[in-house]
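Colleague: I am new to this structure and would like to learn how to read it. Please take me through a few features.

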Amino acid sequence: MDSFFSYLIYFILFSVSLAVILLASRLKSSGVNLPPGQTGWPVIGETLEFAFRARMGKLERFTEDRMKKFSPEVFRTSLMGENMAVICGASGNKFVFSNEDKFVTSWWPSSIKEIMFSPSLFGSSSSRDLMKPSIVILEFLKPEAIKHYVGIMDTMAGKHIDMCWSSNINKELKVYPLSKKYTFALSCRLFMNIEDPEFVNKIFDGFDRITAGFISLPIDIPGTTFYRAIKARDNVQKEIVKIVRTRKKELTEKGDSAGDHDLVSQMLIKSNENINMITTRINGMILASHETTSTAITFVLRFLAEFPDVYDAVLKEQMEIAKSKGPEELLNWNDIQKMKYSWNVAKESLRLLPPGFGTFREALTDFTYEGFTVPKGWKIHWTVHSTHKNPEYFPDPEKFDPSRFEGQGPPPYTFVPFGGGPHMCPGKEYARVEILVFIYNVVTRFKLEIVNPKEKIIYNPTPMPENGLPIRFHPHQM
């Protein structure tokens with residue numbers, strides 16, 4: 001039996017490799033001028049090197065090395081079993097962002113879709129719809145809506161710090177896991193109107209397993225990371241389905257006055273999607289919001305602890321706002337608009353350590369870019385790593401310098417942690433407010449002391465400090 005399966009595996013690898021070779025030779029013989037590059041090993045391509053670079057905290061090297069070797073505009077590779085063109089630089093970003101649904105369309109690896117979508121949705125037309133935010137979600141994330149969440153964010157940030165940080169003053173605290181707890185609890189509150197710590201903790205670990213599955217080998221057998229991610233998805237889905245059904249019943253019985261119109265309530269009231277689709281969207285929103293924002297918060301605090309002059313300038317700005325508030329008065333939308341320098345600090349942190357490395361597209365038709373043809377069906381990858389540390393756009397790119405964002409700021413399409421164009425991340429404003437509210441609550445209470453400035457950064461799949469970023473928090477002497 002073992003020999004049979006070994007033969008089967010070799011046969012599959014040989015067949016796929018032969019198909020790839022035949023396709024490449026056919027394109028070559030047809031005179032198609034493909035982007036320069038290399039495709040690595042049969043089937044797996046350069047996926048292992050991509051994953052290794054990520055694990056070592058040097059993901060940008062994958063892109064930078066190939067830009068130098070092949071072309072600074074576009075190069076060819078093979079990732080996750082797909083022929084892929086990596087389009088680089090500010091011009092490349094503009095091309096991708098400006099040609100959505102004309103030359104390219106959103107694409108996710110099948111392994112990620114399998115984790116994100118239940119079997120009833122995977123591969124269906126509904127799954128394609130779910131890859132894009134709904135009108136209700138876009139409305140929920142508009143600045144006009146977010147201004148009403150500022151007080152809730154401020155309250156929850158204060159409670160979180162009182163409970164998890166203030167009781168350990170002058171001791172080492174690991175920022176990354178604590179910031180994840182905060183952003184996750186906030187997502188549960190705003191998206192589902194859930195504050196029960198028992199429920200929040202119950203599904204928190206499940207979401208961690210789901211995230212880990214995104215960069216695992218897609219082998220769905222017991223014991224693998226991918227298998228655990230699928231099981232976690234199923235368990236989380238069951239819990240959130242209960243929430244959605246309960247909220248639907250409350251809305252039916254009490255009308256629109258039930259709850260405070262969290263995202264679940266708004267989706268039930270305003271959309272025609274079924275419970276399974278609403279649950280899947282909520283899962284996606286929690287994954288997208290808490291993982292990336294907690295990463296951003298973590299590294300902002302790291303840089304504040306590492307650069308005292310930057311911290312002092314942020315403290316001055318935030319204390320001016322704090323002094324203008326009455327006792328127990330919460331932050332409001334106008335206060336957020338005054339945090340200009342603090343946001344520049346956050347943006348410089350996002351430049352150096354962006355939570356996401358980029359996204360993928362699929363070519364809808366053959367198109368030409370910089371003299372090279374990208375065939376229909378090929379996958380497109382745009383990445384922050386072709387611009388964020390490029391000295392052409394950011395002189396002395398490794399230096400932490402918030403002043404880069406003063407005045408006109410960097411050139412268009414060079415600073416792209418949220419993407420760009422008509423399909424820019426709709427959660428940009430949500431993330432901005434959440435980060436700034438947390439900065440306010442930390443720096444107005446504590447002086448920060450970094451424990452290990454050289455702590456290694458790894459990717460899983462977002463960047464994270466290898467040891468959780470230990471920092472000592474010293475309360476201000478009043």
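Colleague: Which strands does helix H4 lie across?

Modeller: This is a predicted model. In it, helix H4 (residues 89–98) crosses strand S2 (82–87), S3, S5 and S8. Its direction is about 125° to S8. Another helix, H3 (residues 59–69), lies across S1 and strand S8 (379–383) and runs at about 135° to S1.

Colleague: In what order do the strands of the sheet stand?

Modeller: The order is S1-S2-S8-S5-S3, an open sheet of 5 strands with mixed pairing. Strand S1 (74–79) and strand S3 (104–106) each have a single partner strand, so they are the edges, and one side of each has no neighbour in the sheet. On average, neighbouring strands here are turned by 35° against each other, direction ignored.

Colleague: In which sense do S3 and S5 pair?

Modeller: S3 pairs with strand S5 (residues 358–363) in the antiparallel sense, over 3 bridges. Thr105 has Glu362 in S5 as its bridge partner.

Colleague: Is Leu48 buried or exposed?

Modeller: Buried means under 20% relative accessible area and exposed means over 50%. Leu48 has 54% relative accessibility, so it counts as exposed. Leu48 sits in helix H2 (residues 47–55). Together with Trp41, Val43 and Ile44, Leu48 forms a nonpolar surface patch with about 420 Å² of accessible area.

Colleague: How many of the residues count as buried in the protein as a whole?

Modeller: The share is 52% of the 478 residues. The accessible surface is about 22500 Å², with 56% of that belonging to carbon and sulfur atoms. The protein has 18 helices and 12 strands.

Key. Residues numbered from 1 in each chain as written. Predicted model: local features only at pLDDT ≥ 70, side-chain atom pairs only at ≥ 80, totals over all residues. Heavy atoms only, no water. Patch = residues over 30% accessible without salt bridge, like charges linked within 9 Å, V, L, I, M, F, W, Y side chains within 5 Å. Areas by Shrake-Rupley, 256 points an atom, 1.4 Å probe, with all protein chains shown as cover. Salt bridge = Lys/Arg side-chain N within 4 Å of Asp/Glu carboxyl O. Helix = DSSP H or I, 4+ residues; strand = E, 2+ residues; numbered from the N terminus. Buried < 20%, exposed > 50% of the residue type's maximum accessible area, 1.4 Å probe, protein only. Pairing = 2+ DSSP bridges. Axes fitted to C-alpha atoms, helices over the stretch in contact; angles between N-to-C directions. Contact = heavy atoms within 4.5 Å.
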